[in-house]
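Here is my note on the structure, set out as numbered points. Please read it with the structure open.

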There are 2 protein chains.
Amino acid sequence: MAKPKKQPRPKAVTPKGFRDYFGQEVTQRTEMLRAIADVYHCYGFDALESSAVETVEALGKFLPDVDRPNEGVFAWQEVDDNDKGDWLALRYDLTAPLARVYAQHRNDLPTPYRRYAMGPVWRNEKPGPGRFRQFYQCDADTVGTASMAADAEICAMLSDTLETVGIPRGDYLVRVNNRKVLNGVLEAMGLGEDAAARDNVLRTIDKFDKVGEAGVRELLTKGRLDASGAFIDGVGLSDDQAEPVIAFLTSKAADAAGTLANLRAAVGDSKIGADGIAELEQIGALLDAGGYSADRIEIDPSVVRGLGYYTGPVYEAELTFEIFDEKGRKRQFGSVAGGGRYDDLVKRFTGQEVPATGISIGVDRLLAALREKGRITAQSKGPVVVTVMDRDRMADYQTMVAELRNAGIRAEVYLGNPKNFGNQLKYADKRNSPIAVIEGGDEKANGIVQIKDLILGAKIAESATLEEWKERPSQFEVPRGNLVAKVREILDSQD
Amino acid sequence: MAKPKKQPRPKAVTPKGFRDYFGQEVTQRTEMLRAIADVYHCYGFDALESSAVETVEALGKFLPDVDRPNEGVFAWQEVDDNDKGDWLALRYDLTAPLARVYAQHRNDLPTPYRRYAMGPVWRNEKPGPGRFRQFYQCDADTVGTASMAADAEICAMLSDTLETVGIPRGDYLVRVNNRKVLNGVLEAMGLGEDAAARDNVLRTIDKFDKVGEAGVRELLTKGRLDASGAFIDGVGLSDDQAEPVIAFLTSKAADAAGTLANLRAAVGDSKIGADGIAELEQIGALLDAGGYSADRIEIDPSVVRGLGYYTGPVYEAELTFEIFDEKGRKRQFGSVAGGGRYDDLVKRFTGQEVPATGISIGVDRLLAALREKGRITAQSKGPVVVTVMDRDRMADYQTMVAELRNAGIRAEVYLGNPKNFGNQLKYADKRNSPIAVIEGGDEKANGIVQIKDLILGAKIAESATLEEWKERPSQFEVPRGNLVAKVREILDSQD
C-alpha cells in the first residue's frame with residue numbers, strides 16, 4: 001500500500017513505435033484471426049501458443065536488419081536472487097519459437113506436425129511512420145516432412161485464406177520461388193561458397209521491385225545514386241558476373257513452363273539449381289491439379305524473403321490493387337504474407353535434419369488493405385443508452401438495461417453525472433449509440449418510456465424538411481412493458 | 001543470409017516459468033475469451049488493446065511482491081543509436097496501461113469510458129509449480145465516474161460472466177469489501193497516517209484465509225510460528241490495538257444488514273470508515289434491486305486484494321467448490337477474478353482526479369477450474385486423414401481433402417513418408433482422427449474408396465466379440481463419388 005513517492009508526473013505516452021488499438025480495430029482483428037484460424041484448422045492444423053518470451057539462444061539470429069541493438073530484438077538479462085542469468089528476449093516471429101517447441105516436445109507431437117499460431121511479435125526496429133515495433137502474425141507450418149506437397153498445401157491454403165477474409169481472386173497473387181535456384185545461379189557464377197557475397201546479392205535482389213533491372217545491375221556492380229542523391233555502394237561484381245543474376249531475376253515468362261525453361265538456362269549445370277527447379281515443378285503440378293492456376297499462384301523468380309533461415313521454396317502473397325500512399329502517390333499495396341521452407345531451423349537444437357515449411361500472414365497489413373478497399377468500416381454501432389433523469393432511481397434504469405441485455409441487445413445506463421441531460425445525449429453521440437431511452441418522473445408515473453431513434457434523428461436533423469420531420473418522428477412514447485420490443489423494432493429498421 | 005556461427009547447440013527449453021499451450025488448451029482459451037468479451041460487449045464495454053510494452057514510469061510500482069528484481073516486472077533499457085533511452089517493461093496487468101491510455105487519449109474518449117481488454121501479462125516472479133510468469137487476464141473497467149452504480153455493474157457483470165462460461169450459481173461467490181472501511185478501522189486505531197503500519201496490517205489481513213483468526217491475531221502482535229516451524233515476525237501491535245482489526249475481519253454476519261452494523265461498530269466515528277460503509281450499502285442496494293442476492297454477491301470484510309492502487313470498493317470472485325491439490329488434499333478452488341476502485345491511478349499522469357473501477361478475470365485459472373470439474377475436456381476430435389497409398393497420386397489425395405473441406409469437414413492428407421502404412425494409421429491415432437480414407441491402386445481402378453471409422457474401430461478392438469465385430473464393420477467400401485456423404489454419415493454417427 002506504499003503511496004507513490006512524490007516525483008515528477010509520469011508521461012502518458014506509449015513507448016516509441018508502439019500504439020493503442022480501440023474498439024473496432026481490436027474486434028475486427030479478432031474476427032480476422034478467427035476466420036484465418038478456421039481455415040487453418042479445417043486444413044488439419046492444430047493450435048499452438050508459445051510464450052512471448054524466449055531465451056536469446058533459442059531464438060537465434062536470423063533477422064535481416066542486423067545492425068540494430070541486440071540484433072533487432074528486445075532483450076534483457078535474467079536477474080535471479082541478484083545473480084545474472086540467461087538472456088531473454090521477446091520473440092521476433094512465430095517460426096523460431098516453433099522450431100524450439102518442436103525440438104523440445106518432438107516425442108509427444110505427431111509427425112508431420114501441422115500447427116498454426118497467432119499473436120504479437122516484436123522487432124526492435126527504428127520506429128517510423130506506419131512502422132510499429134509490435135504487430136500481429138498468424139502462421140501455419142508443417143514440420144517433419146520434406147514433401148513438396150506440404151509446400152503446395154501451404155500455398156493453396158494461403159490463397160483460400162485470403163479469399164476467406166475478403167480479398168477476391170484477382171486482387172492478390174501468391175508468388176513462389178526457390179532459394180536453391182538462386183544458390184544455383186550463384187554457384188554457376190562461382191560465388192556458391194562465399195556467404196558474404198551471397199548475402200549481398202540476396203539483399204540486392206530484394207530491391208528489384210523498387211529499383212528495377214537497371215538499378216539492380218548498378219547495385220550488383222559499381223553502385224548507384226539513389227533518388228535522394230545518396231550514393232549506395234555496389235556489391236562489386238563485374239558486369240559479366242552480374243549477368244546471370246539479371247537473367248535469373250528477369251526469367252519470368254508468360255507461363256510456368258517458360259519461366260522454368262529460363263531458370264534452367266540461368267543455373268547452367270549447377271546441381272542445387274536443378275534441384276530447386278525440380279521442386280518448383282512439383283509444387284506447380286500439385287497446384288495445377290488442385291485448380292490453383294496462375295491467376296492465384298505463380299512462379300516468380302524475383303521473390304527472395306529477407307529472413308536468413310529459408311532453404312528451399314519461398315512464397316509471398318501480394319495484393320495487386322493500387323492504393324494511394326501518404327504522399328498521395330499511387331502504388332501497389334504489396335506483400336501481406338510470406339514464408340518458405342526452413343529445413344535447418346530445428347536441426348540447430350537437435351543436430352538431426354527436420355524439414356519444415358510454413359507461412360506467416362501480416363494480419364495488421366491485411367486489415368489495413370481491407371479498410372483501404374472499404375470492405376470493412378472503422379465505425380460500429382454503439383450500445384443503447386438508458387439515460388438517467390432521476391439519480392435516485394438508478395435501480396430502475398439498471399432493470400431496463402438488464403431487460404435489454406437479456407434480449408441480446410447491447411445496452412448500458414449512463415454512469416456520468418446525470419445533472420446535465422445534454423451531456424448524456426452528447427455521450428450517446430460519442431458512443432455512436434443507435435437509441436436513447438428516457439424515463440423521467442412523469443413517464444414513470446404514467447407507466448411509459450420515451451425511445452429516441454438517434455440515427456434517424458441525426459439524418460432528419462441533417463436534411464429533412466419540416467414536413468418530413470413531422471411525418472417521421474424519431475422519438476416514440478411506448479408503455480414501459482413494450483421497451484424491449486420497440487427498441488428491437490427500431491434497431492431492425494436501422495440495419 | 002549469414003550461416004549461424006559454429007557454437008554449442010542452443011537448448012530447446014522455454015525460459016523458467018514459461019510454458020507452451022497446445023491444441024485444445026489454446027482453442028478453449030480463445031473460446032472463453034470470446035464468451036467473456038461477448039458479455040462485456042453486451043454491457044456496453046468497448047475493446048481496447050494496448051501494447052505489451054510500456055515505459056516503466058507509466059506502469060508505476062504497485063505490485064505486492066516488491067522485493068523482486070525490477071520490482072516484479074521484466075524491464076530493459078532502450079538502446080537507440082547506441083544512446084541509452086527510456087526504461088521499458090512488459091505490462092504486469094491491464095489496469096496500469098488503461099490508466100496511461102485514458103490519460104493519453106482522454107479528449108477523444110467518451111466519459112465515462114467503459115472498456116474491456118484481454119491478453120497476456122507478465123510478472124517477474126520466482127517460478128514455482130503451477131505458477132507461471134506469463135498468464136492471461138481479461139479485464140473490464142469504467143473510467144471517469146465515481147458512481148457506485150459502476151461498481152455494482154462490474155460485480156453483476158462478473159457474476160453473469162462466470163455463469164456464461166460455465167460456472168453455475170452456487171459454485172461461485174463474488175465478495176465485496178471496501179478499502180475505506182479498513183482505513184476507517186486503522187484511523188480508529190490511530191494508525192491512519194502510518195503508511196508502513198497500514199501496509200503491514202493489510203498484508204496480514206490478506207492471510208486470514210490461510211491462518212484464521214488466531215493466526216492473524218498473533219501476526220498483528222508478537223509474531224507466529226508457522227506450520228513449517230519458521231518464525232514469522234509480528235507487526236508489533238498491542239493486543240488492544242489488534243482487537244479492532246479482528247473485529248473488522250470477523251464482522252461478517254448472517255446477512256448484509258448485520259455485517260454493515262458490525263462494520264459500523266468497528267470503524268467507530270471515523271469519517272472515511274463511514275464513507276466506505278455507505279458505499280457498500282449503495283452497492284448492496286443496487287445489486288439487490290437487480291436480483292443479485294447473497295447466493296451470488298455478498299459483502300465480506302476479509303477481502304483485501306494485494307495491489308496497491310485500490311482506493312474504495314474491492315471485489316473478488318471465488319469458486320466455492322472443493323478440489324484436490326497436487327498433494328491430494330481437499331481445498332477450495334479459490335479466487336479466479338478480482339478488482340476494485342482505483343481513483344488515483346489516472347491522476348498520477350494528469351494531476352486531475354479521475355475515478356475508475358474495474359475487474360480482472362484470471363482466464364487460465366478459470367479454465368483450470370472448468371477442466372477440474374470436467375466441464376471441458378482436453379481432447380478434441382482430429383481431422384479426417386486421407387492416407388497415401390501411391391505417392392505419385394498426391395494430386396488425387398489432395399482432391400479428396402479439398403472436397404471434404406469444401407463440405408466443411410476438417411481433413412488432411414498424410415504428408416509423412418507413405419512407405420509404411422502402419423505409420424499412417426499410428427499418425428491418425430496420434431491426431432485423434434475420427435476417420436481414415438484409403439484409396440490404393442485397386443480401389444482407384446474400381447472407382448471406390450475405403451473409409452475406416454477409427455473411433456468405432458478402437459471401441460470394437462477394445463471390447464467387442466467376434467460376433468459384434470462382424471455385425472458392426474468399422475470399414476466401408478463406397479463409390480468414390482460418395483466419399484463426402486459417407487464421411488459425413490460416419491461423423492454424425494460418432495457424435
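1. The area buried between chain A and chain B is about 9,000 Å², and carbon and sulfur atoms give 54% of that area. This is a predicted model, and the values below are to be read in that light.

2. Each side of the contact is counted separately: 106 residues come from chain A and 106 residues from chain B.

3. Between chain A and chain B there are 16 salt bridges. One of the salt bridges links Glu57(A) with Lys11(B), where the closest N and O atoms are 3.7 Å apart. The count of residue pairs in polar contact between the two chains is 44. On the side of chain A that touches chain B, helix α1 (residues 24-42) gives the most, with six residues. That side of chain A is made up of 52 nonpolar, 23 polar and 31 charged residues.

4. Strands also pair across the two chains. Strand β2 (residues 46-49) of chain A runs antiparallel to strand β1 (residues 21-22) of chain B, with two bridges. Leu48(A) has Phe22(B) as its bridge partner there.

5. Within chain A, strands β12 (residues 313-324) and β13 (residues 330-341) are antiparallel and joined by nine bridges. Gly339(A) in β13(A) stands opposite Tyr315(A). Five residues lie between the strands of this hairpin, and Gly328(A) has a positive phi near 80°.

6. β13(A) is also joined to strand β14 (residues 356-362) of chain A, antiparallel, by five bridges. Here Gly340(A) is partnered by Gly358(A).

7. Chain A is assigned domain 1 (24-201 + 236-372) and domain 2 (384-494). The C-alpha centres of these two domains lie 52 Å apart.

Key: Residues numbered from 1 in each chain as written. Chains lettered and ligands numbered in written order. Predicted model: local features only at pLDDT ≥ 70, side-chain atom pairs only at ≥ 80, totals over all residues. Heavy atoms only, no water. Domains from an automatic or database assignment. Pairing = 2+ DSSP bridges. Helix = DSSP H or I, 4+ residues; strand = E, 2+ residues; numbered from the N terminus. Contact = heavy atoms within 4.5 Å. Buried area = accessible area lost by both parts, 1.4 Å probe. Salt bridge = Lys/Arg side-chain N within 4 Å of Asp/Glu carboxyl O. Polar contact = N/O pair within 3.5 Å; in protein donor to acceptor, adjacent residues only side chain to side chain. Nonpolar A, V, L, I, M, F, W, Y, C, P; charged D, E, K, R; others polar.
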